[in-house]
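Here's a quick briefing to read alongside the model. Have a look at the structure first, then work through the points below.

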Amino acid sequence: VQISIEYSSPAVKNRRGQIWGKLVPYGLTDLGYGHHKPSPWRAGANEGTVFAVCHPVTINGQPLSAGRYGLHMIAGPTEWTIIFFKNSTAWGSFFYEPSEDVLRVTAKPSKHDFREYLTYEFPIRQPAEAVAEMQWEELAVAWTIAVPNLNQVYLSRIREELKTVPGFNWAAYIEAIQFCLERNINLPEALVWAQTAISTPFVGQANFATLSAKAEVLTKLGRAEDSKTARLAALNHPTASVVQIHQYGRQLLAGKQPAAALAVFE
């Protein structure tokens, strides 16, 4: 899931201690241009700040659809409001209208090392969650971005890619299968992918990698006898190298299958 924040970066310029509540007013204010209505800070300088995300996410637990949004902020001494605004092309926040708000969340400002130039950072980055943070002068304001149903996002992308160039290489199906095995999800489809990797014309290839991947899926599905048959086919296949056999035994040990691992090592 791709997230971007586009912004201009103002400098403190010898105004240390004069930014918050002064240069950037607390609350809403008439900016002296545009419609002259009380408006939030543009969360940057010059053109409006833009927050963009390619998939639906949650912001501090609240849902936000994929899209491009104007990012505005209402500063306060102890609490800030972060606004995701429908109009991402308006200059600054001179023409801000509350009716175009898509989402508002609150955040607590925190102390930060001095920053001469306003900066947006992602100080925490995990597969399903990240923290975005505005940092300027000696203050930071952060919010959490999370991806609901992350596995489904990945599976959707995998399915799309297997319809393109990667889908004509059996190794791509092995990668897709490993994703499912690691998370114990989508196993029936993973078994279909395994059979595709083994036997589909122009794509499939019966070898140690494809046969052992099928064995692993069958094990996860609780089909012990079928898994044993596929595993023996893999281990006895001419393509099986000493290193591959050894690594497979270690995988079985890690998967708490000591008897099967011992048979492999023998």
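Let's start with one helix: the buried residues of helix 6 are Tyr 248, Gly 249 and Leu 252, where buried means under 20% relative accessible area, exposed over 50% and partly exposed in between (1.4 Å probe, protein chains only). They sit on the same side of helix 6, because they cover an arc of only 100° around the axis, taking the directions from the helix axis to the C-beta atoms.

Keep in mind that this is a predicted model, in which local features need pLDDT of at least 70 and side-chain atom pairs count only at pLDDT 80 or more, while totals for chains, interfaces and linings use all residues. Residues are numbered from 1 along each chain as its sequence is written, and side-chain values use heavy atoms, with hydrogens and water left out.

**Helix 6**

- Helix 6 runs over residues 242–254, and helices (H or I, at least four residues) and strands (E, at least two) are DSSP runs numbered from the N terminus.
- From first C-alpha to last, its 13 residues reach 19 Å, close to the 18 Å expected at 1.5 Å a residue (1.5 Å times one less than the number of residues).
- Flip to the other side of helix 6 and you'll find Val 243, Arg 250 and Ala 254 exposed.
- The cover over the buried residues of helix 6 includes helix 4 (208–220), helix 5 (224–235) and helix 7 (258–265), with contact meaning heavy atoms within 4.5 Å.
- After helix 6 comes Lys 256, whose phi is positive, near 60°.

**Aromatic pairs**

- Rings of Phe, Tyr and Trp (its six-membered ring) pair if their centres lie within 6.5 Å; planes under 30 degrees apart are stacked, over 60 edge-to-face and the rest tilted.
- That rule gives 13 aromatic pairs.
- Tyr 33 and Phe 94 make an edge-to-face pair, because their ring centres are 5.2 Å apart and their planes stand at 85°.
- Tyr 33 is in the loop between strand 1 (3–6) and strand 2 (49–53) and Phe 94 in the loop between strand 6 (80–85) and strand 7 (101–107), so this pair ties together parts 61 residues apart in sequence.
- Tyr 33 is exposed, at 51% relative accessible area, whereas Phe 94 is buried, at 13%.
- Tyr 33 also pairs edge-to-face with Phe 95, with centres 6.2 Å apart and planes at 75°.
- Phe 95 is partly exposed, with a relative accessible area of 43%.
- Ring pairs also link Trp 20, Trp 41, Trp 80 and Trp 136 into a cluster.

**A charge over a ring**

- Arg 16 lies over the face of Phe 114, at 4.0 Å from the ring centre (the rule asks for NZ of Lys or CZ of Arg within 6 Å of the ring centre and within 35 degrees of the ring normal).
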